[in-house]
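Trainee: Please pick one part of this structure and look at it closely with me. Start with the terms I will need.

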Amino acid sequence: MLLRSVLLVSAVLVLLPATGVPGDLASAGSRLAGVSFAVAVLRRKARTTEEERTVWRWLARAAAVVWAGTVAQFGVSAVAGASGRAGLELPGDVVLSASCLLACVLVYQGLIVWNRTSTRLADPGDWLNGISAGLAVSALLHLVIVWRPGGHERTLPWWVLEMSVARSSALFIVLGTTLTVAVMAGLVRDPRIWVIALGVVFLMAVEVATAFGVLRGGWSSSGWGLFCVVVAWASTVRARPVRPQEATTQSLTIGTFVVLLASVAIILLATRLPPQSTGVAVICGGLAVVGVSTRVVRLVSDLSTLAQTRQDALTDDLTGLANRRAFGQQLDLAAEGGDDVAVYLLDLDRFKEVNDRFGHAVGDRLLQRTAGRLAAVVPAGAVLARLGGDEFALLLPGADAVGAVRFAHELAAAVQGAGGVEGTGQVSASVGIALPTRADDPAGTPDGGELLRRADAAMYQAKSTGEVVRLYDDAIDRAGREEALMADELSCAFATGDASRQFRVHYQPQLDLSSGAVAGVEALVRWQHPRLGLLAPAAFLDLVERGGHMADLTEFVLREATAATGPRTSWSPVGANDVRVAVNLSASSLADPGLLVLLDELLAEGLDPTAVVLEVTETLLMSNPEQAVEMTREIRHRGFGLSIDDYGTGYSSLSYLVDLPATEVKLDRSFTVRLSGDDRVRQIVAGTVELAHRLGLRVVAEGVEDEATLEVLRSLGIDETQGYLHSRPLAPADVPAWVRGRSAPALSGGRSRSATAP
Ligand code: C2E
Ligand code: CA
Ligand code: CA
């Protein structure tokens with residue numbers, strides 16, 4: 001209460017001189033007293049508040065600057081009074097004028113800070129816009145002053161007029177900022193901002209009236225004093241809690257264009273008036289146009305950067321196709337709109353090998369070529385995206401099942417065209433398709449995410465079965481559920497030790513091609529599943545690997561196989577025990593130091609390592625060549641044989657054989673079956689055999705199903721053959737009977753080991 005009474009007195013004090021109190025010294029003195037009170041109140045406020053401290057500090061500074069101007073004016077009046085000279089108020093007025101302009105800047109800063117303490121959503125501070133708007137206002141004021149009948153620009157000294165116009169323009173910007181902050185920072189219901197706004201309006205009216213010569217110069221000085229008191233008053237009013245508003249850049253953009261149009265209009269108007277009186281208006285208007293145009297240019301570049309950023313966020317860097325996010329958005333849009341769309345998911349086969357073998361740069365270029373090929377066959381209106389890695393997705397409106405499958409084959413064919421460059425060989429892809437469900441589907445309409453999941457499941461299914469294209473149907477999900485169940489059963493079997501009862505090892509003979517004798521057997525695992533019967537490795541090896549049971553399985557097979565072929569077994573009576581046995585290793589075995597521990601254990605138990613061959617597939621060796629070389633050396637170092645399985649299916653070169661301490665090369669079935677019909681294949685195999693022999697490696701051909709092939713193999717100098725022609729993999733109990741029943745020459749007495757093992 002006391003504070004407000006003091007402020008009331010201050011208000012009267014600063015207004016007194018304007019209403020005509022005689023004497024320069026007295027008038028300046030009373031003004032000074034009023035402003036001093038205001039400064040004191042504002043500084044006290046800045047000290048006592050916590051959150052808004054900086055706001056009030058800036059406003060107190062503004063008042064302090066006005067105070068300094070008033071002191072200067074007072075000093076000049078005092079000197080003038082003492083020396084008895086009159087008319088020296090001019091320098092004092094200049095200082096006061098300048099300080100008022102500076103005060104505008106400080107108030108502006110205070111308002112910006114106020115906005116920031118209330119909201120982080122947007123900032124109204126835009127100097128370029130503000131200064132341009134101020135210049136436009138000052139141009140307008142000049143024009144109006146000139147236009148006025150009997151314009152008084154000649155009656156006021158030019159600098160007084162210019163100062164007055166400048167202050168009016170600055171106040172205009174302060175007023176604009178006050179109103180913007182009130183809205184942006186959610187201060188509309190806070191009375192303090194409105195008290196300040198009112199003060200600014202009053203002051204602006206006084207300044208404009210002074211510029212027009214309606215009020216005497218003294219009013220301007222008093223107006224500023226009163227403004228300080230009003231701001232101080234605002235600081236004593238209780239704040240209302242604020243709710244910040246979501247701001248957009250729209251108002252800023254609109255403001256920019258309004259200023260631009262206004263400035264241009266002013267310049268056009270000025271050209272119609274006598275040139276000698278409109279110079280300043282044209283200059284101000286011109287500067288405003290320059291300023292605001294710069295702002296527009298920046299705005300446009302900001303917007304294009306924003307658009308580019310948005311674009312970047314939706315494109316795949318490598319291929320320039322849509323990325324996963326963009327695809328997801330389009331998919332959701334289509335699904336929400338109830339559009340009939342087919343989703344295709346395409347994944348390159350064995351892309352990892354290309355990356356491992358040829359490096360990422362070649363892999364990247366292959367992806368780019370693939371993207372290009374796909375884009376070329378995709379019709380307009382479709383969305384083609386790279387979801388990541390070697391996975392591409394396509395969204396195609398309105399497709400029926402038959403058409404979709406046909407088109408998926410086209411996609412796969414297009415991908416094939418991307419290979420064959422940079423030594424990568426042919427590439428292939430697996431495609432999964434999900435179609436929108438029929439109206440009678442019990443599961444209801446799938447959303448975008450579900451469609452993608454289905455396409456993914458279908459693709460996965462295509463990959464695991466070796467199909468190129470697979471259309472999603474319920475069976476795939478059933479297969480997925482079945483797979484999950486099997487994974488559980490597998491874990492259970494290994495956890496309870498039941499695995500050794502459920503897993504079986506079958507043996508497939510390998511015959512010496514020249515003598516026809518059984519040189520060895522390959523151990524091939526089977527799962528005697530409690531529900532599903534005897535399962536081939538393809539049905540469960542992946543699950544074993546993913547479930548982390550591969551080391552256990554390998555140990556089981558190794559122990560079984562070496563026991564079956566050991567010195568005294570059920571095979572002994574026919575001598576079938578006295579053969580070499582081959583055991584397959586998997587990806588994880590090759591990375592598992594535990595394998596070496598197991599081998600050492602077996603050796604300690606008296607195993608003859610030369611009777612055991614460990615088979616490692618070529619692609620496995622290639623996926624981590626350094627580790628592979630290291631591990632295979634350790635295996636060889638212990639005396640075990642090492643076979644490169646599925647030779648010819650991977651990307652390895654012949655020269656790679658030199659680095660590997662292998663004892664055997666196992667020609668893949670895909671070569672064997674084409675041998676008798678394809679002369680090129682025959683040439684390749686001939687070359688391979690020659691090189692392998694030169695390196696001291698035994699060559700085994702697998703998948704031999706007919707006599708014709710056997711003859712070709714014989715002519716090519718292959719060492720051993722394995723395949724259905726001789727026998728399917730046999731249960732251990734069937735091996736002696738098979739051996740006995742063979743019409744071929746009897747088994748040679750000793751082990752037929754590698755003829756040329758290094
Ligand atoms: P693989 O090492 O290439 O084994 C040869 C596969 O070809 C065997 O299939 C065999 O039954 C089959 N096969 C043999 N001769 C012929 C033929 O004349 N015609 C045809 N069409 N096929 C023939 P299986 O037993 O289904 O084994 C599949 C794969 O599972 C094996 O391929 C091997 O990579 C893996 N595997 C088998 N047992 C084990 C194991 O104990 N551990 C590991 N890690 N993998 C194993
Ligand atoms: Ca094998
Ligand atoms: Ca093989």
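Mentor: Helices and strands are DSSP runs, numbered from the N terminus: a helix is H or I and has at least four residues, and a strand is E and has at least two. Valine 431 gives a quick example, since its place is in strand 4 (residues 429-434). Some ground rules come next. Residues are numbered from 1 along each chain as its sequence is written, while chains are lettered from A and ligands numbered from 1 in the order in which they are written. This is a predicted model, where local features need pLDDT of at least 70, side-chain atom pairs count only at pLDDT 80 or more, and totals for chains, interfaces and linings use all residues; side-chain values use heavy atoms, with hydrogens and water left out.

Stay with valine 431 for a moment. At 0% relative accessibility, valine 431 counts as buried. Buried means under 20% relative accessible area, exposed means over 50%, and partly exposed is in between, with a 1.4 Å probe and protein chains only. Valine 431 has leucine 346 4.4 Å away, C-alpha to C-alpha, although the two are 85 residues apart in sequence. Leave aside the neighbours within four places in sequence. Valine 431 is then in contact (heavy atoms within 4.5 Å) with residues including Leu346, Ala408, Met459 and Val469.

Now the whole chain. The protein chain has 28 helices and 14 strands. Of its 758 residues, 47% count as buried. Take its contacts with a separation of 6 or more: residues 24 or more positions apart account for 72% of them. The accessible surface of the chain comes to about 35,300 Å². Carbon and sulfur atoms hold 59% of that surface. Such areas come from the Shrake-Rupley method with a 1.4 Å probe; for residues, only the protein chains shown count as cover.

Here is the part for our close look: two calcium ions and ligand 1. Begin with the calcium ion (ligand 2). Its protein donors are Glu522 (OE), Asn584 (OD1), Glu615 (OE) and Asp645 (OD), at 2.1 to 2.3 Å. Donors are N, O and S atoms within 2.8 Å of the metal, or 3.2 Å for Na, K and Ca; water is not among the atoms, so sites may look incomplete. Along the chain, the donors of ligand 2 follow the spacing E-x61-N-x30-E-x29-D. Glutamate 522 sits in strand 7 and aspartate 645 in strand 11, so this pair links parts of the chain 123 residues apart. Both glutamate 522 and aspartate 645 are buried.

Move to the calcium ion (ligand 3). Asp645 (OD), Asp646 (OD) and Glu702, which appears twice through OE, are its protein donors. They lie 1.9 to 2.7 Å from the ion. The donor residues are spaced D-D-x55-E in sequence. Aspartate 646 lies in strand 11 (residues 641-647) and glutamate 702 in strand 13 (residues 698-702), so the pair ties together parts 56 residues apart in sequence. Aspartate 646 counts as partly exposed, at 24% relative accessibility. Glutamate 702 counts as buried, at 12%. How far apart are the two calcium ions, and which residue coordinates both? The distance is 4.0 Å, and the residue is aspartate 645.

Aspartate 646 has one more feature. Its phi is positive, about 50°, although it is not a glycine.

Next comes ligand 1. It is surrounded by 21 residues (each with a heavy atom within 4 Å), and the closest are Gln508, Arg526, Asp645, Glu705 and Tyr724. Strand 7 (518-529) and strand 11 each supply at least two residues of this shell. Strand 7 gives the most, with four. By type, the shell divides into nine nonpolar, five polar and seven charged residues.

Some side chains of the calcium sites return here. A side-chain N or O atom of glutamate 522 is 3.1 Å from an oxygen atom of ligand 1. A polar side-chain atom of aspartate 646 lies 3.4 Å from a ligand 1 oxygen. For arginine 526, the distance from a polar side-chain atom to an oxygen of ligand 1 is 2.9 Å. How much of ligand 1 does the protein cover? On its own, ligand 1 has 790 Å² of accessible area, and the protein covers 82% of that.

Key
A polar contact is a pair of N or O atoms within 3.5 Å; within protein, one must be able to donate a hydrogen and the other to accept it, and residues adjacent in sequence count only if both atoms are side-chain atoms. Ala, Val, Leu, Ile, Met, Phe, Trp, Tyr, Cys and Pro count as nonpolar, Asp, Glu, Lys and Arg as charged, and the others, Gly among them, as polar.
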